[in-house]
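Take a walk through this model, starting from one side chain and ending at a sheet.

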Amino acid sequence: MKTLLGIGSRIKHAKLGIGVVTNVTSEMYWVTFIEDGLETITFDDDYEVIDAVEDEVDTVSFYEVEKSLRDLLKRYSDISEIVPIGDKWRGGTMTLNPKDSNLSSKEIPIETFFHKIVMVRDRLRVMEQKINASKTLDDQDKVDLQQYITRVYGSLTTFNILFKNNSQSFKGDSSKK
């Protein structure tokens, strides 16, 4: 077993070349390589230690702390996360054609429409959090309002095809009534 390297250690990786350890997690090193930039490697990857910094390494990395902080901010504020649109829609347009052919069509970038959908979702989440945290609503009112929000999410599932990551799409009430 190799010695655990501290931040600032220099290594020579068999495939990626020379780099400096910039972060250590409980599972891997984050190394900035001269040629390839930032990469992650496992502790037992094929590398040679050029200069080891034997610093006490915390198994909770800065990345993990940052991710936890981001999750808390997302949960308790109205700061929205970056939600990517599906690659096939990037650069596309959406055309709305009125039934009356004397009226002109309206064309908008899909990214603009997608951004509006994501903003609706984010605002629904904030409303949901405010309802759940309310001290003036009784439990039954909270449940009733939560059911309305769940139905709104369900109505918006039509737009899930636009999301790149399924984990960020809308989820409605899956129970059949």
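## From a phenylalanine outward

In this predicted model, Phe114 touches Val83, Pro84, Ile85, Leu162 and Phe163, once its neighbours within four places in sequence are set aside. Here contact means heavy atoms within 4.5 Å.

Phe114 also belongs to something bigger than its own contact list: the largest nonpolar core, which has 15 residues. Phe114, Phe163 and Phe170 have the most contacts inside this core. Two helices each supply at least two of its residues: α2, spanning 110–133, and α3, spanning 139–155. The largest share comes from α2, with 7 residues.

A second core is separate from that one. This core has 10 residues, including Leu5, Ile11, Val21 and Tyr47.

Now turn to the strands. What is the order of the strands in the open sheet? The 5 strands run β4-β3-β2-β1-β5, and the pairing is antiparallel. β4 (37–42) and β5 (47–51) stand at the edges. Each has a single partner strand, so one side of each lacks a neighbour in the sheet. From one strand to the next, the twist averages 40 degrees.

Strands of a sheet pair through backbone hydrogen bonds, in a parallel or an antiparallel sense. Look at one pair in detail. Strand β2 covers residues 17–24, and strand β3 covers residues 28–33. The two pair in the antiparallel sense over 5 bridges. Which residue of β3 does Asn23 stand opposite? Asn23 faces Trp30 there.

How values were computed
Residues numbered from 1 in each chain as written. Predicted model: local features only at pLDDT ≥ 70, side-chain atom pairs only at ≥ 80, totals over all residues. Heavy atoms only, no water. Pairing = 2+ DSSP bridges. Helix = DSSP H or I, 4+ residues; strand = E, 2+ residues; numbered from the N terminus. Axes fitted to C-alpha atoms, helices over the stretch in contact; angles between N-to-C directions. Core = buried A, V, L, I, M, F, W, Y, C linked by side-chain atoms within 4.5 Å. Buried < 20%, exposed > 50% of the residue type's maximum accessible area, 1.4 Å probe, protein only.
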